[in-house]
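Here is a walk through one protein model, taken region by region. Keep the sequence and the 3D view side by side while reading.

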Amino acid sequence: MKWNKEQLEAINTTGTNVLVSASAGAGKTAVLVERLVKRCLTDKVQLNEILAMTFTEAAANEMKKRLSKRLNEEYNSPGSDQEYIAKQLVYLQDAKISTIHSFCLDLIKKHADAIGLNPNFANTILEEGQLNFAKENAFNEVLDGWCTHRKEDISLLSQYFSSRSEDFSEMKNTVYQIIQAANASSDEHTWYQNAKSSYQRITNQHDFSNDTLHYFFSSCKLDIEIQIQYLMQCKKIMELSDIDNQKVYTSILSNLEFMLAAKNSVDSKTIDALVDSFRRACSKPLAPFGKNKEYTSVRTECLKHRSKCIALYPDLETSRIDSNHMSDFAMHLLDFSKEVGLALINNKVKFEAIHFDDMERYAYQILLQDDFRIAKLYRELFKEILVDEFQDTSELQNEIICLISNGNNIFRVGDVKQSIYRFRKAKPEIMRSLMVDSTTKQINLAFNYRSNHSIVSFTNDLFDKLMNVEGCKDSYRSIDHVQAGTDLQHSFDSPVEFYALHTKEIYENLDSKQAKARFIAQKIIEMKETTNFKKWSDYVILAKSHADKNLLKQVFSEYNIPHSIDAKEGFYQSTCCHIVVSMLRLIDAIDDISLVAVLTSPLYKMSDDELALLKLNYKSIYDGCLKSNHPLIRDIKFCRQTIREEGLCKCLNYIATINNFVEEQLDIQQRTNFDLLFQKASSFQLQSNSLKQFINQIDLNIDEKSDEATSLGPEEDVVRAITIHHSKGLQYKVVFYWSTSSNRQLEKADSVLVDPDLGIGLYGFYLPYRLRRATIQRIAIEHKSNLEDLEEAIRVLYVALTRAETKLIIVDKVDKEIEKTIITLSLLNARKGMTQLILSALSSQVNFTRFDVFSIDNHIATSKEKENISFKMKYSLEDHTIKTLSPSSTENYFVPKLNFHDSTNRGTTLHEIIERLPNRVWNENDFDSSQISMNDIQKCIHFSQTDLYAKCITMDIKKEYPFTLLDHQTLIQGSFDFIATDESNCILIDFKTDRNVLKDDLCLRYTKQIETYCHVLTNLYPSLKIKAYLYSFELEQFIEIES
C-alpha cells in the first residue's frame, strides 16, 4: 500500500506521546496495523510488549487478523528474519489486543489480591437479571435501614419524588444515576464531596461554582438569542407584508432594543443585573397584528417562550433561598446514594461474579495500590500503548491508560467529530484537551479513502456549517476538510440525493414514517434492477432509533426484500421465546393468558372459533381442554414429570418436538432464538432445576432491550437496517439515511438531573402544596446537558453520512419549505430535526440534489428474488459464525509453512461421509467410490482401526453435533465434528484434511479453535473430563491438544 505523508508520520513517530486525528475513511485501521508491524519488525518491540486497546472485540479481532496477514507477508519476503517473525506469530495468539474491559478483567484476574478481592469473581460475568436483582436488594436494604433509623430524612426524600409514600421508583432511578456518575469518575469520594459542595450554604453569588455560573449565564444568553430570533422573524414578516402598520413595526424595534440590551448584560456576569434586564425585556409589550396569520403565529410562540423564561430565571435572593432550602435534601440524597452503592457491591459479591461496570473501577484501584507497584510492572512491560477510538474514552479509562504508561509511549487515534457514546460516559473533551497539548505530537490524516468525491465534498460543506456554531465546543477546522484520496473515488461521482416526501399529498391513511419506509423499499428494488448495485447487501438503512427499524422490518417483509433487521425489542419478546416461555408458565401453574397464547400458537394451532367454542361450552378454556382431552393436558403432565426426573433442558427438547415446532414452524431467526434460550436453560440447570426460579430469572430480564440471537453472517446477501451507533466503523456501497424532523431531549423531565462534572440539579421544592422552581444548579446542568446533546446529535449525523462509499441518499418528509439560513445555536436548540439543519445549510450545492416526491405507488411491487435466498442450517468446517465468535474464527490463517492448495470440497465431503457412517469399524463396502477417492477411503478405514476410535464406539457418539453457548455476552455457535461421551469422559475429535503439513503446523493453526471447543464442552458437560484431539488424515495420526 502506498502511504501518504501524514500516514507515514503516524506509522514512524516514536519516543513521544502521539495523537492522530483521523476523520472518517482516513484508513486509520491500516495505519494502526502498519505501525504495529513497524514497531514489531523494525524497532524490535515484541508483540508481548505491546498493548492495543480497541472499542469493540470485533475491532480487536480484525486488527489481529490484519496483523497476522502482514507478518506472514513479511515472513515470506526475501531476507526476512523468519525465526523472529515466527516467534511474533506465536505471541500474536495471546497478544494484548483487546477492549479496555478485557484488559481490565485480565488485570483483575492476575492481581485481585492487591485489593482483597477474590480472584474467582473475575471468572464469571454478572448477567443483567442478576444485576437488576442485586440493585433491587441493595436499594431496599438501605431504604429499610433509613426507615428505621432516619425516618424524617427518608420522608423528606420520598416526598420530593412522589406524592405517594409507597412509590420509590423515580427515587431509585435517580440514585443509580448518581452512583453511575460517581463510579465513572477517577475519585468516587471526591465526586460525592464536590456534589455536596454545590449545596453548601449560599450567601452571595460567589458561593456558586464557576462552572455552575458559566452554564447559568450561557443558558440565559441562549434564551435571549431565541427571543431576538423571534423578533427578527416578526420584523421580516412586517417588512414583506402588503399591509403597512407602523405601530406594530415600532413595537418590534423597541422590543429588539430591550432584548439586545439584555444580551449585553450577560457580559456583566452578575445574576441580578442579567435577570433584571432580561425580565424587563420580556415584560415589554409586543403589539398584535391579527390581519397577518404568520405574524400572529410567531408572536404567540415568542410570548409563550417569554413566559417560560420569566418563570425559569430567579434573581440572586430567590436563588440563595431555594439552594439553602434544598441543602439538607441534597446531603441526604447523596448520602443515601453512596450507601446504596456500597450495598450494591456487597450484593454483587453474593453472586461471586463481576459486572462490566466494575471492571474499570477494580482495575484502577489495583493500579493505585502499594505506591503504584502493579502499575509500575505494566510500565516496564509495555513499550507501546495504542488506543483506538480515543474520542470515546471515559475519564476513568483515560486515568488507567496514563497509570500504565511510562510517560511517552501512548499512541492515540480518534476523531472527536465521531464521539457519540455520551451515554457510556465518553468525554470528548479529553481528546479536545490533548489536541492543544504542546507535549503531544499532533498528526492529522487529511485524506478520505472510503467515499466518492461528491460525498466527501458534501460532508465538508455541510459540517463546516453545522460544527462551527458559536456557543458550541465542536469545530470543523480547515484540517478537517478532507480530500478524496484516490482517483478511483472520482470515477463514480454521483451527487448526494435528498428525497423530500410531501406526505400530505402522497395518499391518505399513510403517516410520514410509513411513507418513508415504503419509498425506501421501492427505491431499493428499482436501483437493484436499474443500477450496478445488484446485491441486496450493497444497501443499508441508517436510522437513529430501533422503532424506525421495526417499521422497516414490516415493510421489507411486505415487499419480499431479504433483510437483516433487529428491532431490539428484546430477546425474550421474540416470537419463539414468547411461545416457549408461555408454555413453561403453564407447566409451572395454569394461567389464562399463557393458556390462550400457547393454544393459538404453532404448538397447537387452535383457531379463534375453536377457542370460542371451548369458552362457550365449558366453565373455562382450561376446563374445556381437560374434558375434551386436548393434547396440551398430556404434554403439561409429561413436561412436569420430565423436569422432576431429567431436568429443564429435557423438557425444552420435548417442547421443540410438539407439532415439529422448532424444525417446521419456526424460521431460521426463531430457531436460533430457541437455541439461545436452550443455552440459557442449560446454564441455569447447573445451579438449579427449579422451573419457577428459571421463570423468575426470565422475568427479571423480560424488558431488557437486548438483541435477538443472530442467524445471519456478515456475508449474507440481505439489506441491512441498523442504528447509526451500530454502523460505527462500517461502510456500505449505498447508504439510505433515515432523516428526522425532530430530535427531542428526554432527560429534562427528571426530578433530579445528574451531571458527571456539576453534580446534581434540584428544584426548590416546597410542601404542602408541592410547589417547585428550578435552582441555579439545575438550570446550569440542564443547559450543559442540552448543549452536549445538541452537539452529539450533529456528531451522530456525521457518523451516518460518512458510512457511504458510492451513493448517499437522504429521505424525510418535508411538508413546508425550509429556507437556507445561517446555522446558530438557537436554530440547533429549536430541535426541528436533521432535515431542517441539512436543508438550512445546503439548500443548493453542486454535490447535493433535491428531489420532491408527491406520490408513492400504493401497489406493492415486490421483489421476486426472496424465494431464492437460502440460509444454511448446518455450519461448515470454516463457517461457524453466528454472532461475534465461532471456534473456526480463531484459526490463524497466515501461519508460515502451511500449504493452502488443498480443496475445501474434499474436507466437506469427508465430513459428510463420516457423519453417515455407522459407529463401528468401517470397510470398503461402506463407501461410495463415486463420491470419494480410494486413497481417502483407505485413510478413513485407517482412522476406524485406531485404538482411540475403538474406545469411542463403546461410548455415546455424536457427529456434526451443533451447539450454542452464550458466554460473557458473546454467542458462540457451531458444530463438533465428533464427540464421544460416557459417565465420566468426553472425547472430542476434530478432523483435518490439510495436505503437506507437519504436526507443529497443525497445532499452531488450530489450537485456539480446539480451546474454544473445549470451553464450550466444559459448559455443556461440567462433570466430565474433556480430552481433545486433532485427527490429520494426511499424517494418519491423532494430535492431543491440551486445553
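In this predicted model, strand 18 covers residues 804-813, and eight of its ten residues are buried, so the strand is largely enclosed by the rest of the structure. What does strand 18 pair with? On one hand there is strand 9, residues 496-501, which pairs with strand 18 in the parallel sense over five bridges. Within this pairing, Tyr499 stands opposite Val811 of strand 18. On the other hand there is strand 13, residues 732-738, which runs parallel to strand 18 and is joined to it by six bridges. Here Val735 faces Leu808 of strand 18, the two standing opposite each other.

These strands belong to an open sheet of seven strands with parallel pairing, in the order 11-12-10-13-18-9-19. Reading that order shows strand 18 placed between strand 13 and strand 9. The edges of the sheet are strand 11 (563-564) and strand 19 (848-853); each has a single partner strand, so one side of each is left without a neighbour in the sheet. The partner of strand 19 is strand 9, and this parallel pairing runs over six bridges. In it, Leu501 stands opposite Val853 of strand 19.

The next topic is charge. Side chains of opposite charge can pair when their charged atoms come close. How many salt bridges does the structure hold? The total is 67. One of them joins Asp335 to Lys196, with the closest N and O atoms 2.5 Å apart. This pair links distant parts of the chain, since Asp335 lies in helix 15 and Lys196 in helix 9 (residues 188-197), 139 residues apart. The two partners can also be described by their exposure. Asp335 counts as partly exposed because its relative accessibility is 24%, whereas Lys196 has a relative accessible area of 18% and is therefore buried, the cut-off for buried being under 20%.

A second salt bridge is formed by the side chains of Asp755 and Lys784, at 2.9 Å from N to O. Asp755 lies in strand 14 (residues 753-755) and Lys784 in helix 32 (residues 776-801), so this pair ties together parts that are 29 residues apart in sequence. Both Asp755 and Lys784 are buried. Helix 32 also takes part in another salt bridge, through Asp789. The side chains of Asp789 and Arg831 meet at 3.0 Å, N to O. Arg831 lies in the loop between helix 33 (825-829) and helix 34 (833-841), so this pair ties together parts that are 42 residues apart in sequence. With a relative accessible area of 12%, Arg831 is buried. Asp755, Lys784, Asp789 and Arg831 are among the members of a network of salt bridges, which also includes Glu395, Arg422, Lys427, Asp757 and Glu788.

Helix 34, which follows the loop that holds Arg831, contains Ser840. Is Ser840 buried or exposed? Its relative accessible area is 1%, so Ser840 is buried. Leaving aside neighbours within four places in sequence, Ser840 is in contact with Ile818, Glu819, Lys820, Thr821, Ile823 and Leu827.

Now turn to the nonpolar interior. The largest nonpolar core has 130 residues, and those with the most contacts inside it are Phe336, Leu462 and Phe463. Which residues does Phe336 touch, apart from those within four places in sequence? Its contacts are Phe139, Val142, Leu143, Trp146, Ile154, Leu157, Met171 and Val175. Another core, of 45 residues, lies apart from the largest one; among its members are Phe571, Ile643, Ala656 and Phe684.

Helix 15, already met through Asp335, is also the place of Gly341. Gly341 has a relative accessibility of 10% and so counts as buried. Computed along the sequence, Gly341 and Phe139 are 202 residues apart, yet in space their C-alpha atoms are 8.7 Å apart.

Leu342 lies in helix 15 as well. With a relative accessible area of 52%, Leu342 is exposed, because the cut-off for exposed is over 50%. Together with Ile345 and Val349, Leu342 makes a nonpolar surface patch of about 240 Å².

Terms used:
Residues numbered from 1 in each chain as written. Predicted model: local features only at pLDDT ≥ 70, side-chain atom pairs only at ≥ 80, totals over all residues. Heavy atoms only, no water. Patch = residues over 30% accessible without salt bridge, like charges linked within 9 Å, V, L, I, M, F, W, Y side chains within 5 Å. Areas by Shrake-Rupley, 256 points an atom, 1.4 Å probe, with all protein chains shown as cover. Salt bridge = Lys/Arg side-chain N within 4 Å of Asp/Glu carboxyl O. Helix = DSSP H or I, 4+ residues; strand = E, 2+ residues; numbered from the N terminus. Buried < 20%, exposed > 50% of the residue type's maximum accessible area, 1.4 Å probe, protein only. Pairing = 2+ DSSP bridges. Core = buried A, V, L, I, M, F, W, Y, C linked by side-chain atoms within 4.5 Å. Contact = heavy atoms within 4.5 Å.
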